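User: Could you take a close look at the salt bridges in this one? I'd like to know who pairs with whom, and how that sits in the fold as a whole.

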Amino acid sequence: MVFPENPYVDSDRFAKFLVSAKKATYASGVKPLWLANGAHVFQFQEDNLVYSDVYLGNTHFAGAESVASLTSDGTVFWILHYHGGIITPPDEFAIFTITVADLFTFLQKALMNVSEKHPFRGPSFFKEGLWRYNHWWMKNSTGFNGYEAIWYGPDELCKTKVYELHFHCGLIA
């Protein structure tokens, strides 16, 4: 069991819900709702649970995922804050003959492999062609902290880190 018990949903059901929500939103490639302030919004609902992911920015971004229970007047009981983006200047991508769109397409593929065992971001390791994704997380006193990174290059010795993201999450109600 990854999550501590909470009054809103069984922890196993919660992990399954998070995986379903993440696979149905950003990772799926579906287009977000755009707000007037430039925020990108994804939502997913299953039974009495609602998942929201709201972020600002493009190649560098920050956002928050949340889960609310409709049986408790919409109380948000879980949140994940994240901040990250491209760390290699996009004009240097030409060296690799890749684009920013290629990077985010690969990220979406990695995130589609999220698991119920640790449903925060993507899998611990994912590789496709010259791309490599890694995700690390650890439990702390109030939830979890984590980091993900993407490398690109021809072999393990020459890979260039092109993207990174930091997050923290936990129960809040």
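**Salt bridges up close**

Analyst: Searching the whole structure, which is a predicted model, turns up six salt bridges. Let's start with Lys22 and Glu65, whose closest N and O atoms sit 2.4 Å apart. This pair ties together distant parts of the chain: Lys22 belongs to helix α1 (residues 11-24), Glu65 to strand β4 (residues 60-69), and 43 residues separate them. Both partners are buried. For Glu65 the label follows because its relative accessibility is 2%, with buried meaning under 20%.

Glu65 has another partner too. It also forms a salt bridge with Arg121, here with 3.7 Å between the closest N and O atoms. Again the link spans distant parts of the chain, since Glu65 is in strand β4 while Arg121 lies in the loop between α3 (100-111) and β6 (125-128), 56 residues away. Arg121 has a relative accessibility of 8%, so Arg121 counts as buried as well.

Then there's Glu164 with Lys161, a salt bridge whose closest N and O atoms are 3.6 Å apart. What about burial here? Glu164 is partly exposed, at a relative accessible area of 21%, and Lys161 is partly exposed too, at 29% relative accessibility.

Now for the way the bridges connect. Through shared partners, salt bridges join Lys22, Glu65, Arg121 and Glu148 into one network. As background, side chains of opposite charge can pair when their charged atoms come close.

Stepping back to the fold, the chain has three helices and nine strands. In sequence order they run α-β-β-β-β-β-α-α-β-β-β-β. The C-alpha trace spans about 55 × 40 × 25 Å along its principal axes. As for overall size, the radius of gyration is 17 Å, which agrees with the value near 16 Å that a compact globule of 173 residues would have.

A few chain-wide numbers round this off. Buried residues make up 49% of the 173. Among contacts with a separation of 6 or more, 46% come from residues 24 or more positions apart. The accessible surface is about 8600 Å², and carbon and sulfur atoms account for 58% of that. On the charge side, there are 13 positive and 17 negative charges, and their mean positions are 4 Å apart.

Key: Residues numbered from 1 in each chain as written. Predicted model: local features only at pLDDT ≥ 70, side-chain atom pairs only at ≥ 80, totals over all residues. Heavy atoms only, no water. Helix = DSSP H or I, 4+ residues; strand = E, 2+ residues; numbered from the N terminus. Rg over C-alpha atoms; globule rule 2.2 N^0.38 Å. Buried < 20%, exposed > 50% of the residue type's maximum accessible area, 1.4 Å probe, protein only. Contact = heavy atoms within 4.5 Å. Areas by Shrake-Rupley, 256 points an atom, 1.4 Å probe, with all protein chains shown as cover. Lys, Arg positive; Asp, Glu negative; His and termini not counted. Charge placed at Lys NZ, Arg CZ, Asp CG, Glu CD. Salt bridge = Lys/Arg side-chain N within 4 Å of Asp/Glu carboxyl O.
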